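Work through the following exercises with the sequence and the model at hand. Each task is followed by a solution in steps.

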Number of protein chains: 2
Amino acid sequence: MAEKRIGLQTVKLLNPPSIIGAYTIVGPKEGEGPLKDYFDVVLEDDMWGQESFEKSEVKIQEEAIKGAILKANLSPNDIQYIFSGDLLNQISTSSYTARQLNIAYFGLYGACSTMIESLSLGSMVIDGGFADKVVCATSSHFSSAERQFRFPLEYGSQRPFSSQWTVTGAGATVISSSGNGPYITYITTGKIMDFGIKDTNNMGGAMAPAAIDTISQHFKDTGYTPDDYDLIITGDLGLVGKKIVLELMKKSGYDLSKNYSDCGIKIFDGVEQDTHAGGSGCGCVAVVLNGYIYKEMLKKNLNRVLVVATGALHSPITVLQGESIPGIAHAITVDNLID
Amino acid sequence: MAEKRIGLQTVKLLNPPSIIGAYTIVGPKEGEGPLKDYFDVVLEDDMWGQESFEKSEVKIQEEAIKGAILKANLSPNDIQYIFSGDLLNQISTSSYTARQLNIAYFGLYGACSTMIESLSLGSMVIDGGFADKVVCATSSHFSSAERQFRFPLEYGSQRPFSSQWTVTGAGATVISSSGNGPYITYITTGKIMDFGIKDTNNMGGAMAPAAIDTISQHFKDTGYTPDDYDLIITGDLGLVGKKIVLELMKKSGYDLSKNYSDCGIKIFDGVEQDTHAGGSGCGCVAVVLNGYIYKEMLKKNLNRVLVVATGALHSPITVLQGESIPGIAHAITVDNLID
């Protein structure tokens, strides 16, 4: 068996890559939420001087990547690969961003799981001896996502309470073969779970089975228990999905009640900000990880975190054709200490 | 520097993964072309009993992956990761395919470069010690792509002579840490090149600069010359892009006239089959590689091949917003022999 595999779906990094730079840019609404003090840039206007939502999203992702590279005291020439993706058709945000950076580029699509997909592959490429430094990034924009996946904003459609609010923001992480941590130590890669949910206003319900599967498998593969973590955080199941995870994990013998949260719940004050079940979008886990989690780990308030990013892998066309929503969840362990 | 890097954009696999299974399924038109005898399945009807083009494409990709796994004398349980992508929004073909297979899944988007993006990452994950066996796959379908990127087929739009014809087909490759070859020995990962072309009916012209950049960089990084290869093949530049590559590479001192071809040109008889500049789509390089190239390598008619898959990374929205088309090219060396 391949030397770094442990269990069915997990790999252990023998030379764990270190996060050496992280950067976040969010929109005005995210900048009014509970995590506002953790973000590097809060935009006053989510168009950021651009002529379309899509061009604004490119600028946000590009500046987040440049910011992360600068935080690592590097220049783009020092980075060997970009691993990035986003929600827009043909991941156009990421490709137009990579066009500006002159770095070898792997485009990914994992819907809202993309940030952890990118860190999983980036970490394996570094630990495998193929690169010293890579940047991993994702973004989303409320207005570009809303008109692509739901309705033009001008319609003013009503949103049911199970719906989530796409985060405007981008997060970028520079990881390196050397550094002082936090480190990426384990990667548990998800399989697709589909329990037949067809309601695109209930993504949390559609993705919860994948989160449960990946978290359970992670514990089985690594031997860790919930108590070994300071924080276990999904992104983004919102209120509906979080409830399902807590209940079903408890039935499987894992009590997550003490240290489990969700990026979509943390980023907004759902009542005050009228975001219903919580935040979503590739950018949500990206800014919570590179803002809140990273900075709390640097302060040693958190020392070992399991980040489980969930993605809903439908498209508007598949939903119109009567298909249900496939979910996936990718997890990484971020740890201040390594053996 | 990371031990497996050579030059600026290339890595050398120290334990080169072996191709141990390959499978191709193509549509009726591809089954009438010059490569028809190399494909494992030629469909009589490109709907394959499904109720939409999109569902047919899922069936084609799924059966190609299952076919490749069977050819390797394995079952899906033996495979640790799927690396796959396609042209459809949210790479829905690949996700709905992965839903059927119960294998950990990394979704990719590289437009028509996706087959080599998937083999690049799959190879690094194996050589890095994270997996023993992975499957890499892509697909495209003329009718699902045409209505998404261009016009509904019912319009009967005229096609200019620089346009290409999206291949209906899927190719899948099982690669392994052990095997008797052919082996993947080098990976040269592309940067985005954009020379300002905005005409989506001239993808060959838009992607040629990326191909030139990656091929030139591959020679610089590895020390190989064109004469070291039995075949250097791009996918899919068509007639327009091929001409640009030959001319500009010659100006840079690389004479490719003896052993250079293009998957989009090889798959169709452009005059007889009215495909204008040639084939395109993720499925094109996938079926040419897993059909023609793989089988000719097994017969030792080809022994070392540079496969350079090119992708046009625009979206219909970015083009409507006045953006030009970013191109990328990813290359791998497939070799019957290893040191």
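**Exercise 1: Relation of the two chains**

A turn of 180° and a shift of 0.0 Å along the axis lay chain B on chain A with an RMSD of 0.0 Å, the copies being superposed by least squares on the C-alpha atoms of residues with pLDDT of at least 70 in both. This is a predicted model, in which local features need pLDDT of at least 70 and side-chain atom pairs count only at pLDDT 80 or more, while totals for chains, interfaces and linings use all residues. Residues are numbered from 1 along each chain as its sequence is written, chains are lettered from A and ligands numbered from 1 in the order in which they are written, and side-chain values use heavy atoms, with hydrogens and water left out.

Task: name the relation of a two-fold axis or reject it for this pair, using the turn and the shift.

Solution.
Step 1. Two copies of a chain are related by a rotation about an axis and a shift along it.
Step 2. The turn is 180° and the shift 0.0 Å.
Step 3. That is the relation of a two-fold axis.

**Exercise 2: The interface between the chains**

Task: describe the contact between chain B and chain A by residues, area, polar pairs and elements.

Solution.
Step 1. Chain B and chain A each put 63 residues into the contact (heavy atoms within 4.5 Å).
Step 2. Of the interface residues of chain B, 100% are also interface residues in chain A, so the copies meet through the same surface.
Step 3. About 5200 Å² is buried between chain B and chain A, and carbon and sulfur atoms give 58% of this; buried area is the accessible area (1.4 Å probe) that two parts lose on being put together, summed over both.
Step 4. Between chain B and chain A there are 4 salt bridges (a side-chain nitrogen of Lys or Arg within 4 Å of a carboxyl oxygen of Asp or Glu). Arg99(A) forms a salt bridge with Asp194(B), with 2.6 Å between the closest N and O atoms.
Step 5. The count of residue pairs in polar contact between chain B and chain A is 41, both residues at pLDDT 80 or more. A polar contact is a pair of N or O atoms within 3.5 Å; within protein, one must be able to donate a hydrogen and the other to accept it, and residues adjacent in sequence count only if both atoms are side-chain atoms.
Step 6. Elements that give two or more residues to the side of chain B that touches chain A include α1 (53–71), α3 (114–127) and β15 (327–335) of chain B. Helices (H or I, at least four residues) and strands (E, at least two) are DSSP runs, numbered from the N terminus. α3(B) gives the most, with 6 residues.

**Exercise 3: The two domains of chain A**

Task: describe how domain 1 and domain 2 of chain A meet.

Solution.
Step 1. Chain A is divided into domain 1 (11–176) and domain 2 (183–335), with bounds from an automatic or database domain assignment. Their C-alpha centres lie 17 Å apart.
Step 2. Domain 1 of chain A brings 59 residues to the contact and domain 2 of chain A brings 56.
Step 3. The two domains of chain A bury about 4500 Å² between them, 64% of it on carbon and sulfur atoms.
Step 4. The count between these domains is 1 salt bridge. Lys295(A) forms a salt bridge with Asp40(A), the closest N and O atoms lying 3.2 Å apart.
Step 5. Between domain 1 and domain 2 of chain A, 23 residue pairs are in polar contact, both at pLDDT 80 or more.

**Exercise 4: Backbone exceptions**

Task: where does Pro182(A) lie, and which residue is it joined to by a cis peptide bond?

Solution.
Step 1. Most peptide bonds are trans.
Step 2. The bond from Gly181(A) to Pro182(A) is cis, with omega near 0°.
Step 3. Pro182(A) is in the loop between β9 and β10 (183–188) of chain A.
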